[in-house]
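Thank you all for coming. I would like to take a few minutes to go through one model with you, and I suggest that we keep the picture on the screen while I talk.

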Amino acid sequence: MTADEYMPYFDSAVSDEVYLGTFLNAAGSAPRANEAAYSPFILAQTKEKDVSFWLIKAVIQQESSWDPQAASRAGSLGLMQLTAGTATELRESGKDCPADYAENIESNIRCGVGYLADLIAYTKEHNGEQN
């Protein structure tokens, strides 16, 4: 499905500020249940860590297709497909990455968003950009 086949759906009861990213496709089908369920937490994390909401949704779609039980042959787990090594590295560096990142959906999102925020900051720093 192409990007043109998706159109944002705005509920009149939800302001732009708390827009949850719910989508209807051009045929009018319902949004993926997990995407709609997790979007409020994703929005909160992306605002807290100043990362694009749309980037995180794209990563989750690509990495796990919104399946919180997704596991790769390489050992990546959950929606954000984090490895045990990455999660351990985040915790050891003092980042907010609970040990239950593989089982807990919110922990997995929290760790993944934090990790991408760190990568973005590192890239900006080494390209001479301001954060």
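**A helix and two loop residues**

Let me begin with D50, which is exposed, its relative accessible area being 69%. What we have here is a predicted model, so please hear every value I quote as computed from that model. D50 sits in the loop that joins α1, residues 33-49, to α2, residues 53-64, and its phi is near 55°, which is a positive value in a residue other than glycine. Most residues other than glycine have a negative phi. Following the chain, then, this positive phi of about 55° comes just after α1.

Let me turn to α1 itself, where 17 residues at 1.5 Å a residue should span 24 Å, and where the end C-alpha atoms are 25 Å apart, so that the two values agree. There is nevertheless a kink of about 45° in α1, which lies at S39, shortly before the proline P40. As for burial, the buried residues of α1 include S39 itself, together with Y38, F41, I42 and L43, and also among them are the charged-letter positions E35 and K49.

Now, which other residue has a positive phi, near 65°? That is W66, again a residue other than glycine, and W66 is found in the loop between α2 and α3, the latter covering residues 84-92. Is W66 buried or exposed? W66 counts as buried, because its relative accessibility is 2% and the cut-off for buried is under 20%.

Note on methods:
Residues are numbered from 1 along each chain as its sequence is written. This is a predicted model: local features need pLDDT of at least 70, side-chain atom pairs count only at pLDDT 80 or more; totals for chains, interfaces and linings use all residues. Side-chain values use heavy atoms; hydrogens and water are left out. Helices (H or I, at least four residues) and strands (E, at least two) are DSSP runs, numbered from the N terminus. Buried means under 20% relative accessible area, exposed over 50%, partly exposed in between (1.4 Å probe, protein chains only). The expected span of a helix is 1.5 Å times one less than its number of residues. The bend at a residue is the angle between axes fitted to the seven residues ending there and the seven starting there.
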